[in-house]
Every structure is written in C-alpha cells, then in structure tokens.
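Please report on the fold shown below, following one loop residue outwards to the helices, the cysteines and the nonpolar core.

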Amino acid sequence: MVPSAQTQTAQDADLIERIRPIGQIYVAGEVELVTAAPEVIPTTGLEVYEQFCGACHQAGIAGAPMIGDQAAWAPRLAKGKETLYQHAIGGFNAMPAKGGCNNCDDALIVEAVDHLLAALP
C-alpha cells in the first residue's frame with residue numbers, strides 16, 4: 001500500500017522531530033541569542049499554593065495531606081501551626097524545603113500553609 005501524501009507528510013514531520021538537534025551553538029554576532037522567559041515569582045500564598053503546593057496536596061502525592069481533608073490534617077494541627085510552618089519552610093519527609101519555591105520568602109510559605117488550612121471544614 002502506498003502512503004497518502006498526508007500520511008507521508010506526517011511521517012516526515014515525525015522524522016524531522018526525531019532527528020532534530022538537541023542543542024545549538026551560539027557564535028557571537030551570527031544569530032540573536034534567545035533567552036528563557038523570566039521566572040514568575042509568586043506574590044501571594046495562593047499563588048505559591050497553585051504553582052508549587054497544589055500538585056501534591058490536590059492528589060495526596062507521596063503522603064501529602066490533601067487540601068480540605070480534616071482527618072489527614074488533624075494530627076498535624078495537633079502539633080501546632082508553628083510546627084506546620086517550620087516543616088513547610090524547612091521541608092519534611094518527601095516535601096522539599098518551601099515546597100520547591102526556593103525564591104519564596106518565609107512569609108509567603110506561611111501564607112500558603114494558611115491557604116491550605118483555610119480549606120478545612
């Protein structure tokens with residue numbers, strides 16, 4: 001069976017993508033250097049939660065207590081909010097320090113924890 005022109009075009013595109021170079025060499029003056037977009041640094045606890053915390057706390061990944069799950073948060077709250085803040089800032093178990101938001105100041109992390117806790121019934 002002879003492939004149609006449309007099928008052949010799709011196969012060609014796939015081939016081009018597979019053999020595409022993984023990097024480029026920049027020679028000053030030859031081409032314009034394209035830089036990555038600047039990192040968006042969150043400015044509120046909600047933004048910290050959405051960008052860094054939500055992935056694990058929405059699905060309970062690696063034992064993260066899910067947002068709004070009273071039973072999961074009760075033993076943690078029993079240790080006090082200050083302990084929660086310390087764990088969020090310094091990291092705890094599988095959670096990295098500051099949930100991976102290395103550019104966030106401690107106050108933003110505290111706001112993100114407060115956002116999580118505000119969702120409790």
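Lys98 sits in the loop between helix H4 (81-90) and H5, where helices (H or I, at least four residues) and strands (E, at least two) are DSSP runs numbered from the N terminus. The model is a predicted one, in which local features need pLDDT of at least 70 and side-chain atom pairs count only at pLDDT 80 or more, while totals for chains, interfaces and linings use all residues. Residues are numbered from 1 along each chain as its sequence is written, and side-chain values use heavy atoms, with hydrogens and water left out.

Lys98 counts as buried because its relative accessibility is 18%; buried means under 20% relative accessible area, exposed over 50%, and partly exposed in between, with a 1.4 Å probe and protein chains only. A polar atom of the Lys98 side chain lies 2.8 Å from the backbone oxygen of Cys104, and the side chain of Lys98 also makes a polar contact with the side chain of Asp106, at 3.2 Å. Such a polar contact is a pair of N or O atoms within 3.5 Å; within protein, one must be able to donate a hydrogen and the other to accept it, and residues adjacent in sequence count only if both atoms are side-chain atoms. When neighbours within four places in sequence are left aside, Lys98 is in contact (heavy atoms within 4.5 Å) with Ala88, Ile89, Cys104, Asp105, Asp106 and Ile109. Lys98 and Tyr85 are 13 residues apart in sequence, and their C-alpha atoms are 9.5 Å apart in space.

Cys104 leads on to the cysteines. A disulfide, taken here as a pair of cysteine sulfur atoms within 2.5 Å, joins Cys101 to Cys104 with an S to S distance of 1.8 Å, and the count by this rule comes to 1 disulfide. The link of Cys101 and Cys104 is right-handed, with 60° about the S-S bond, and both Cys101 and Cys104 are buried. Two other cysteines are set out in the table, each with a closest sulfur that is too far for a bond.

| Cysteine | Closest cysteine sulfur | Sulfur distance | Relative accessibility |
|---|---|---|---|
| Cys53 | Cys101 | 8.1 Å | 14%, buried |
| Cys56 | Cys53 | 8.8 Å | 30%, partly exposed |

Cys53 also marks a bend in helix H2 (residues 45-59), of about 75°, the bend being the angle between axes fitted to the seven residues ending there and the seven starting there. In H2, the buried residues are Gly45, Val48, Tyr49, Cys53, Gly54 and His57, and the buried residues of this helix pack against helix H3 (70-78) and helix H5 (106-118). H2 is followed by Gly60, whose phi is positive, near 75°.

Helix H5 has buried residues at Leu108, Ile109, Ala112, Val113, Leu116 and Leu117, and the buried residues of H5 pack against H2, H3 and H4. The 13 residues of H5 should span 18 Å at 1.5 Å a residue, and the end C-alpha atoms are 18 Å apart, which agrees; the expected span is 1.5 Å times one less than the number of residues.

The largest nonpolar core, a set of buried Ala, Val, Leu, Ile, Met, Phe, Trp, Tyr and Cys residues joined through side-chain atoms within 4.5 Å, has 16 residues, and those with the most contacts inside it are Val48, Trp73, Cys104, Val113 and Leu117. The elements that give two or more residues to this core are H2, H4 and H5, with H5 giving the most, at 6 residues. Not counting residues up to four places away in sequence, Val113 touches Leu84, Tyr85 and Ala88.

For the protein as a whole, there are 5 helices and 0 strands, and the elements run α-α-α-α-α from the N terminus on. Of the 121 residues, 21% count as buried. Among contacts with a separation of 6 or more, 50% are accounted for by residues 24 or more positions apart.
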